[in-house]
Number of protein chains: 2
Amino acid sequence: MPLTLEDIARLSGVSRSTVSRVINADLNVKEDTRRKVQEIINNFNFQPNLAAKRLATGRSNVIGVIIPAGVSDLFTDPYFPQLLQGISALCNTRDYSVMLWLTEPEYERRMISRILHNSLVDGVVVASILMDDPIIQLLIESKMPYILIGRHPTEDVNYLDVDNLQAGRKATMHLVRLGYKRIATITGKKNQVAGYDRYLGYVKALQDSDMPVRPELVADGDFTEESGYNAMQRLIMYRPDAVFIANDMMAYGAMRALREANLRIPEDVAIVGFDDIPASSKTVPPLTTVRQAIAPMGGKAADLLINMIESGTMTTQKVIMDTELVVRESCGAS
Amino acid sequence: MPLTLEDIARLSGVSRSTVSRVINADLNVKEDTRRKVQEIINNFNFQPNLAAKRLATGRSNVIGVIIPAGVSDLFTDPYFPQLLQGISALCNTRDYSVMLWLTEPEYERRMISRILHNSLVDGVVVASILMDDPIIQLLIESKMPYILIGRHPTEDVNYLDVDNLQAGRKATMHLVRLGYKRIATITGKKNQVAGYDRYLGYVKALQDSDMPVRPELVADGDFTEESGYNAMQRLIMYRPDAVFIANDMMAYGAMRALREANLRIPEDVAIVGFDDIPASSKTVPPLTTVRQAIAPMGGKAADLLINMIESGTMTTQKVIMDTELVVRESCGAS
DNA sequence: ATAGAAAATGAGAGCGCTCCCATTATTGTT
DNA sequence: AACAATAATGGGAGCGCTCTCATTTTCTAT
């Protein structure tokens, strides 16, 4: 039913090849014929069949985005939506489309293996992988261009990340400088790089300041609001005067726990979060937090990936992006 | 580089056709050969080229999801993530993939026209369209299977929605029954069906209860937190004792405004929201709200769409899903 | 004008599948 | 055992593009 190159060729009195040239902006077409053909194309709103193009060229102009579900809380945390938004916007500008897979843990391996081999996409962005995730191996073996969101310790792995360790250190240091003495932390999942590195940053800040790292002031969470709430409840009995929390969602949970315990923020307990998701400027009190530019990071990842695809080079990419400490009221420095 | 059907055929000593039959679970294959071929396929982890399949069959097993950006606040509101999650999960079970397009208003028309004609997808789910959106026309003309999330007034349009009017009425009625006398509303965008219908439900509840609809107690928002905050500030001077708010994000904004004005919830002003997004059970006080099962709705939409695709029938689908009023503390009924 | 170079166009094969139809192998029936 | 009926398999064309190479047209310089 839809038109084909051949149809357009017939309608404009040239050959299929010439139409193809017009569509692909080949230089060797006389201006006259180019205009004539273009007009027919416009009139009929002709769109070339991308499956056929894909088959002929081996390229689809589609990238895949793989988000392992269960890694974080996709429903509540705006991290992924923002990332997707950034990726999508960049793809729009470079004439790519995005294929989205939210993989469920039990099928993950099989699904990824399929994605990598069925030639639907030219490359993939993989978000928040675990440090020991076996899909890294699949990725490398497949020879498909890819980039991870989140540092990965393996050699020769392409990734894009913020310097979580440095950022965690910076946030904690801020609390140290404000004079807090019993600084606690609520960590993310420690088998995710972001969780682990932010925790290391916390440790480093204390060590660099000759302050002890007290195990009872370290509470593990999993990046969800609920886990922040629970962790804070556990921490309260050890009387921290400040807490560095590995993401904003957990910080919201922690604030909820503090409120229920009738502890004031920041007078009784100061709080610093991580992510600067949009709601964080509107909490009571507004949350001091480490801003990572999530959408731009997604865009950058997509851009790098498309560069890899189009250049055909596979030299390892490791890109680190900046963070910024956004000081609001929850840390007590106003 | 990747293997083809022909390769597998050679390796297992049968013809390309037979391999194809094995892959597509054709019945007319002897059990012996089926097993033999399947083994080779497994050993080499062979994945058929979907572009070629697409070209040969005219079907891709991919559905598109189109989300017009700027319609709502994609970053903050978990509505879309949940919807996507539901769609994606269903697609996983039916062996479909999803292509995601976050269209930007200025390119929207052109982009959609491309999506509909370039044969990448077998059908599309379109989320939150405006009531007078011109892309409806494109959709209908294209003959591609589609389904809208959100009622649309035009005849012969496929959609899936909750009964927003009924739900709005139910929520407002709840406030009426609790004895509130000056019930206000903060509306969503009135050129979106959800915004309009929820507002109509509010009006209907008051009329059915012989209560006046006071224009000064109707404040327009646009579904964002910010707009809820602003709308509430405007409402305060008219002393409402209760407010029905067209979504939870705006309810958060409204609560923030009330808190700043030192008005207690629900003692001074009662609040009912709409959506029951996850955070709403954790606000202070917890939010009474209309629950719509967002992820299941996405799943249902994808399911319907795939049914349309596979059956080839194009009979108009109009599906209405249930809502439920979740009573918590913000309405003062405990 | 005319040869030679350069630019523009056309024809054909091929990308990896499916699907129809022809062919061969396997049954069951008397 | 011989034949028809049926099951299993193979071969070929075709899906709508691209891309190389051959051919035709146009241009430039003499």
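## A tour of two protein chains and two DNA strands

Begin by selecting Ser17(A) together with DNA strand C, where a polar atom of the serine side chain sits 2.9 Å from a base nitrogen of that strand; a polar contact here is a pair of N or O atoms within 3.5 Å, and within protein one must be able to donate a hydrogen and the other to accept it, while residues adjacent in sequence count only if both atoms are side-chain atoms. Before going on, note that this is a predicted model, in which local features need pLDDT of at least 70 and side-chain atom pairs count only at pLDDT 80 or more, although totals for chains, interfaces and linings use all residues. Residues are numbered from 1 along each chain as its sequence is written, chains are lettered from A and ligands numbered from 1 in the order in which they are written, and side-chain values use heavy atoms, with hydrogens and water left out.

**Around DNA strand C**

Staying with DNA strand C, select Arg16(B), which places a polar side-chain atom 2.4 Å from a base oxygen, and then Asn24(B), whose side chain has an N or O atom 3.0 Å from a phosphate oxygen. Two or more residues of the surface near this strand come from each of helix 2 and helix 4 of chain A and helix 2 and helix 4 of chain B, where helices (H or I, at least four residues) and strands (E, at least two) are DSSP runs numbered from the N terminus. If you now show the 26 residues around DNA strand C, those that come nearest are Ser15(A), Arg21(A), Leu5(B), Arg16(B) and Ser20(B); a residue is near a strand if one of its heavy atoms lies within 4 Å of it. Of the atoms of DNA strand C within 4 Å of the protein, 55% belong to sugar or phosphate, and the rest belong to bases.

**Around DNA strand D**

Next, select DNA strand D, which has 26 residues around it, with Leu5(A), Arg16(A), Ser20(A), Ser15(B) and Arg21(B) coming nearest. A polar backbone atom of Leu5(A) is 2.7 Å from a phosphate oxygen of this strand, whereas Arg16(A) reaches a base oxygen with a polar side-chain atom at 2.4 Å. On the other chain, the side chain of Ser17(B) has an N or O atom 2.7 Å from a base oxygen of DNA strand D. Where the protein lies within 4 Å of DNA strand D, 56% of the strand's atoms belong to sugar or phosphate and the rest to bases.

**Where chain B touches chain A**

Now hide the DNA and colour the two chains separately, so that you can find the 43 residues of chain B in contact (heavy atoms within 4.5 Å) with 43 residues of chain A. Between them the chains bury about 4200 Å², 60% of it on carbon and sulfur atoms; this buried area is the accessible area (1.4 Å probe) that the two parts lose on being put together, summed over both.

Select Lys282(B) and Glu226(A), whose side chains form a salt bridge at 2.8 Å, N to O, meaning a side-chain nitrogen of Lys or Arg within 4 Å of a carboxyl oxygen of Asp or Glu. The chains share 6 salt bridges and 14 residue pairs in polar contact, both at pLDDT 80 or more. On the chain B side, helix 5 of chain B gives the largest share, 7 residues.

Finally, select strand 2 (residues 97-103) of chain A and strand 2 of chain B, which run antiparallel and are joined by 3 bridges; there, Val98(A) has Leu100(B) as its bridge partner.

Technical notes:
Pairing = 2+ DSSP bridges.
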